[in-house]
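Colleague: Before we begin, I should be grateful for guidance on reading an interface and some features of the backbone.
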Amino acid sequence: MTSKTITNTIIIVYFVALTVGVGYFIKSEYNKALGRRFLDVVEVRQYEGQNLSSVNDFRENSIKGPQFVDRQSYRLKISGLAQNPQQFSYDDVISKHESFKKIVTLNCVEGWSVTILWEGIKLKDIINEARPSPDAKVVIFHAADGYTTSFPIEYFVDNDILLAYKMNDAVLPPERGFPFQLVAESKWGYKWIKWVTEIEFSDNQNYQGYWEKRGYSDTGDLNEPFLK
Amino acid sequence: MKIFTRIIHWGLLASIVVYVISGFGITQARIVEPMTFGLLGKNLAFKIHDYVFFPFVILLILHLYITFRKKRIR
């Protein structure tokens with residue numbers, strides 16, 4: 001192979017890489033523009049003097065794409081090692097529990113982050129109602145798309161963690177996790193499960209969720225690397 | 001020297017390809033993972049993307065140095 005052929009090959013590869021890059025940029029901007037049109041929500045962008053990100057600033061990186069959950073037939077199942085397992089309708093979850101607001105930043109492992117005003121109910125309240133048995137050490141969350149993740153029960157007992165139904169004062173759009181998204185403060189984004197359908201109390205401390213099984217940290221703590 | 005130059009150029013080419021593909025493996029995991037029959041999962045893509053970064057920068061600097069030096073000699 002002559003040096004001219006090598007140079008030509010390198011130039012071609014450069015241009016291919018450049019084309020792919022530019023194409024990807026155009027595609028992502030186009031998707032963003034589509035998203036802006038699609039997620040036409042009336043949202044607040046400032047709260048108590050703090051600037052907030054937009055509902056459209058998220059990147060869609062769920063495992064099966066957005067889930068469109070029917071509000072009427074939706075049930076939030078509280079199951080597992082609990083003395084009072086329950087099923088709530090969407091309205092029951094909201095009307096039967098006190099709501100709280102909090103500004104929390106979601107940090108994705110992909111490198112982007114969004115600061116959002118979340119409104120939801122405290123997981124602590126759900127746990128107190130369900131009365132988990134003393135053997136229950138872990139809370140496993142299940143989502144409509146089959147995604148799962150887990151936390152030690154103390155995480156919810158010791159912290160005011162929200163199960164959000166609103167972001168920036170707007171009801172969660174389906175693309176952002178309607179009906180409920182977990183606001184897993186101080187955890188990497190993959191612990192912020194969307195489209196929550198079931199909260200299960202378990203004694204299995206070795207349980208691994210979707211990404212945890214694939215090499216992500218079980219704790220998902222922000223101050224630690226997300227890869228094991 | 002000629003072999004060294006070739007290694008640099010081809011190494012840079014390889015690192016660009018790996019860097020781009022692993023980048024897609026991170027941002028487009030839902031597409032890339034099934035396309036690679038599960039071989040390039042998101043966590044592996046992250047690791048490869050991290051590992052390739054420094055070799056890519058070094059190879060790029062060497063590539064530019066060799067190319068400009070060659071032009072100046074001419």
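Modeller: The contact between the chains is discussed here, followed by the backbone. This is a predicted model, in which local features need pLDDT of at least 70, side-chain atom pairs count only at pLDDT 80 or more, and totals for chains, interfaces and linings use all residues. Residues are numbered from 1 along each chain as its sequence is written, chains are lettered from A in the order in which they are written, and side-chain values use heavy atoms, without hydrogens and water.

Colleague: How many residues of chain B are in contact with chain A?

Modeller: Contact means heavy atoms within 4.5 Å. Here 18 residues of chain B touch 25 residues of chain A.

Colleague: Which residues of chain B lose the most area to chain A?

Modeller: Buried area is the accessible area (1.4 Å probe) that two parts lose on being put together, summed over both. Chains B and A bury about 1900 Å² between them, 65% of it on carbon and sulfur atoms. In chain B, Arg30(B), Lys42(B) and Phe46(B) lose the most, together 29% of what that side buries.

Colleague: With which residue does Lys42(B) form a salt bridge?

Modeller: A salt bridge places a side-chain nitrogen of Lys or Arg within 4 Å of a carboxyl oxygen of Asp or Glu. The count between the two chains is 2; in one of them, Lys42(B) pairs with Glu110(A), the closest N and O atoms being 2.7 Å apart.

Colleague: Which peptide bond is cis?

Modeller: The bond from Phe178(A) to Pro179(A) is cis, with omega near 10 degrees.
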